[in-house]
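Here is a short briefing for a reader new to this structure. Two topics follow: the ligand site and a pair of helices.

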Amino acid sequence: MKILVCISQVPDTTSKIRFIDDNKHFNTEGIQYIINPYDELALSRAVEIEGADITVINVGKADTEASLRKALAVGAAKAIRVDAEPRDAWFVAHQIAEYVKNNPFDLILCGKESIDYNGAQVPAMIAGLLDFPSVSICRKLDLEDGKALIEQEIEGGKEVLSADLPLVIGAAEGIAEVKIPNMRGIMSARSKPLETIEPIDVPQLSHIESYESPQPREAVTLIEANNLDELIAQLHNKSKVI
Amino acid sequence: MSVLVYTEHREGVFSKTAFEAVSYGKALAEQLNTNLTALSIGNVEESELKKLGQYGADKVLTTSHEKLSDFVNQAYAAVIYEAAKQEDAEYIVLSNSFSGKGLAPRVATKLKAALADGVTELGKIEGGTFSVKKSVFSNKAFATDVLTSPIKVISVVPNSISIKESLTDVDVESFSPELPENAFSVLVKEVIRDTGKVSLPEASIIVSAGRGLKGPENWQMIEDLAEVLGAATACSKPVSDAGWRPHAEHVGQTGIAVSPDLYIAIGISGAIQHLAGVSSSKVIVVINKDPEAPFFKVADYGIVGDAFEIVPKLTEALKAFKS
Ligand SMILES: Cc1cc2nc3c(=O)[nH]c(=O)nc-3n(C[C@H](O)[C@H](O)[C@H](O)COP(=O)(O)OP(=O)(O)OC[C@H]3O[C@@H](n4cnc5c(N)ncnc54)[C@H](O)[C@@H]3O)c2cc1C
C-alpha cells in the first residue's frame with residue numbers, strides 16, 4: 001500500500017498573529033512552527049497501517065525541512081519537498097497532484113484543514129485535479145479488501161462510507177492518536193531520503209491584498225450570580241439573541 | 001452571465017444555511033444586474049423548492065436522479081459544474097458546511113475558478129474582480145482576498161449572513177445532466193443522525209462546557225440548558241480528548257469553528273486555542289468560578305461563580321421567561 005501524506009507547517013497555536021508592510025504580510029518574527037495538527041493525525045494513522053510504504057510531501061522553502069525530518073522520525077520512509085513558497089491552496093494542490101500523476105499512490109492523506117488559513121481546500125482540490133474520490137472530514141479509516149471503510153462527520157451526525165482506491169482523505173480527530181517520534185525513529189530519520197523537486201507553473205487566480213486584526217470586544221458586563229433575570233433581560237432586550 | 005447557488009437540504013427540507021446562501025447570491029445578482037439560479041440535488045418537493053423564490057431565486061434547477069440520493073462530493077460537484085455551464089454562471093455560491101467543504105474546492109478545480117472560502121460578508125465587485133474579507137489564522141485575523149479569475153466560487157460560513165426575503169416569481173425546472181461513471185466510487189452505507197439535536201455549525205445558540213464540569217456524569221445540566229434555549233451543545237478539547245463528549249462537539253482552533261448569535265461558555269478557561277474557534281460569536285456569556293479566567297476578557301456578559309449552582313438556576317429562570 002503506497003501512501004502519500006501531505007504535510008504543512010503552521011504557526012504554533014499560541015502565536016500572536018501580527019502583520020507588517022502596511023498589513024500586507026504576516027509577521028513571522030518570533031513565530032515557532034509546528035506540523036499542522038491535522039496533518040500529524042493523518043501521518044499517525046498512516047504509520048499504523050500494516051505494510052504501508054509512506055512518502056510525506058510538503059510544498060515549502062528549506063525552513064520546512066525540520067518538519068519533514070520529524071515526519072520521517074514518526075515513520076515515513078521518504079520525504080519530498082517541492083521547493084516553493086506555498087502561495088495558496090490552488091498552487092499547493094497543483095504541485096501535489098502533479099507529483100501523484102508521476103508517482104502513483106493508493107491513498108493520499110491530508111489533514112482536514114490547516115490551522116493557519118483554515119481553507120480545507122487542498123484535499124478536495126487534489127482529488128478534483130486527479131478526479132479521485134475524496135472524503136473531507138474522516139474520523140475513522142480502515143482498509144479492507146482493497147477498499148477504505150470510513151466514518152465521516154456530517155451536520156448533526158456521521159456517515160459510514162466505503163470508498164474505492166485511490167482516494168484522498170482529510171483527517172480529523174478520532175482517526176488516530178498523535179504519534180511522538182522515539183529515539184530510534186529520530187536516529188533513523190537522519191539517513192532517510194529527503195528529496196527536493198522543482199515546482200510546476202500554476203496561474204494565479206487570487207491574492208491576498210491585506211490583513212487586519214479583529215476589533216477588540218467591549219469590556220465584559222459582570223452580572224451577579226443571584227441576578228440571572230438581569231442576564232436574561234440583557235440577552236433579550238439589548239443583544240436580542242434570545 | 002448569472003449567479004448560481006447550490007442549496008443543501010436534509011431529507012428534502014432546506015436548512016437555514018441554504019436560505020443564507022440564496023440571500024448572498026441574491027445580493028451578488030443585484031449588484032451584477034443579473035439572474036439568480038438555485039440548484040437543488042436529490043429529492044425535494046416542488047413546494048419546498050418554491051421557498052427558494054422567497055429569498056430571491058429567479059429559477060430553481062432540480063435534479064433528482066436516483067443515483068444522487070446520497071451526497072457524494074465527486075458526483076455533486078459534477079452536477080454543479082454542468083449547471084454552471086448551462087447557466088453561464090460567473091459566480092457560484094455555496095455554504096461552507098461540512099459537505100460544502102468537500103464540494104467547493106472540487107467545483108473550483110473543475111471550473112478553474114478562484115475560491116473564496118469561509119466568507120462572512122458580502123464582497124465588493126469591481127469590473128471582473130471580486131474582493132472579500134474572510135477570517136484566517138483561526139479567527140485571529142482577517143484577510144482581504146481578491147479573486148481575479150473569470151469564474152468565482154464563494155463558500156459562505158453558516159450563520160454569518162442574514163437571511164433576506166426578496167419575493168420572486170420562481171420557475172422550477174428539472175435538470176438532468178450526464179453523470180460521469182467514475183463519480184460514484186464512494187458508497188454511503190449508513191447515515192447516523194443524532195436525532196433531536198441542533199447541529200453545531202448551524203446553531204444560532206451554543207451551550208459549551210469544559211473541564212470545570214469535572215466529569216461526563218455532570219452534562220445533564222448542560223443538556224437541559226441547551227434544551228430550553230433550542231441550542232446545540234459543545235465542549236473544549238480536553239473534554240472530548242478524555243472521551244467525556246464526542247469529538248464532533250469539540251470547538252476551537254483544532255476543532256470546529258463556530259459563529260453563533262450566542263455562545264455560553266461554562267467552566268472553560270478561555271485558552272487561546274479555544275477562543276480562536278469561538279471569538280466570532282456575536283454575543284459571548286461566560287460562567288466561571290475564577291474571576292481571572294482569560295475567557296472574561298472576550299466575554300460580553302460574565303458571571304463569576306460555581307457552574308453547578310448557576311446553570312440549573314439559569315435553566316429554571318429561562319423556563320420561566322419562555323412561558
Ligand atoms: C495544539 C493545540 C491545539 C489546541 N486546540 C484546542 C481547541 O481547538 N479547543 C480547545 O478548547 N482547546 C484547545 N487546546 C487546549 C487549550 O490550550 C486548553 O488546554 C483547553 O481549551 C482548556 O480546556 P478547559 O477550558 O475546558 O479546561 P481548563 O483550562 O482546565 O479550564 C477549566 C475552567 O473551569 C473553571 N471551573 C472549574 N470548576 C468550576 C465550577 N465549579 N464552576 C465554574 N467554573 C469552574 C476553572 O476556573 C477553569 O477556568 C489546544 C492546545 C494545543 C496545544
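In this predicted model, a nitrogen atom of the ligand sits 3.4 Å from a polar backbone atom of B:Gly212. Side chains of chain B also reach the ligand: B:Ser269 and B:Asn288 each place a polar atom by a ligand oxygen.

**Ligand site**

- For B:Ser269, the distance from a polar side-chain atom to an oxygen atom of the ligand is 2.7 Å.
- For B:Asn288, a polar side-chain atom is likewise 2.7 Å from an oxygen atom of the ligand.
- There are 27 residues around the ligand.
- B:Ser236, B:Ser269, B:Gln273, B:His274 and B:Asn288 come nearest.
- The site is shared between chains, because residues from chains A and B surround the ligand.

**Helices H3 and H4 of chain A**

- Helix H3 of chain A spans residues 89-102, and helix H4 of chain A spans residues 122-130.
- The two helices pack at an angle of about 50°, and their axes are 9 Å apart.
- That angle makes H3(A) oblique to H4(A).
- H3(A) and H4(A) cross with right-handed geometry.

**Where the helices meet**

- H3(A) contributes A:Ala89, A:Trp90, A:Val92, A:Ala93, A:His94, A:Ile96, A:Ala97, A:Val100 and A:Lys101 to the contact.
- From H4(A) come A:Val122, A:Met125, A:Ile126, A:Leu129 and A:Leu130.
- Of the residues in this contact between H3(A) and H4(A), twelve are nonpolar, one is polar and one is charged.

Conventions. Residues numbered from 1 in each chain as written. Chains lettered and ligands numbered in written order. Predicted model: local features only at pLDDT ≥ 70, side-chain atom pairs only at ≥ 80, totals over all residues. Heavy atoms only, no water. Axes fitted to C-alpha atoms, helices over the stretch in contact; angles between N-to-C directions. Helix = DSSP H or I, 4+ residues; strand = E, 2+ residues; numbered from the N terminus. Parallel < 35°, antiparallel > 145°, perpendicular 65-115°, else oblique. Left-handed = near helix turned anticlockwise from the far one by under 90°. Contact = heavy atoms within 4.5 Å. Nonpolar A, V, L, I, M, F, W, Y, C, P; charged D, E, K, R; others polar. Near = heavy atom within 4 Å. Polar contact = N/O pair within 3.5 Å; in protein donor to acceptor, adjacent residues only side chain to side chain.
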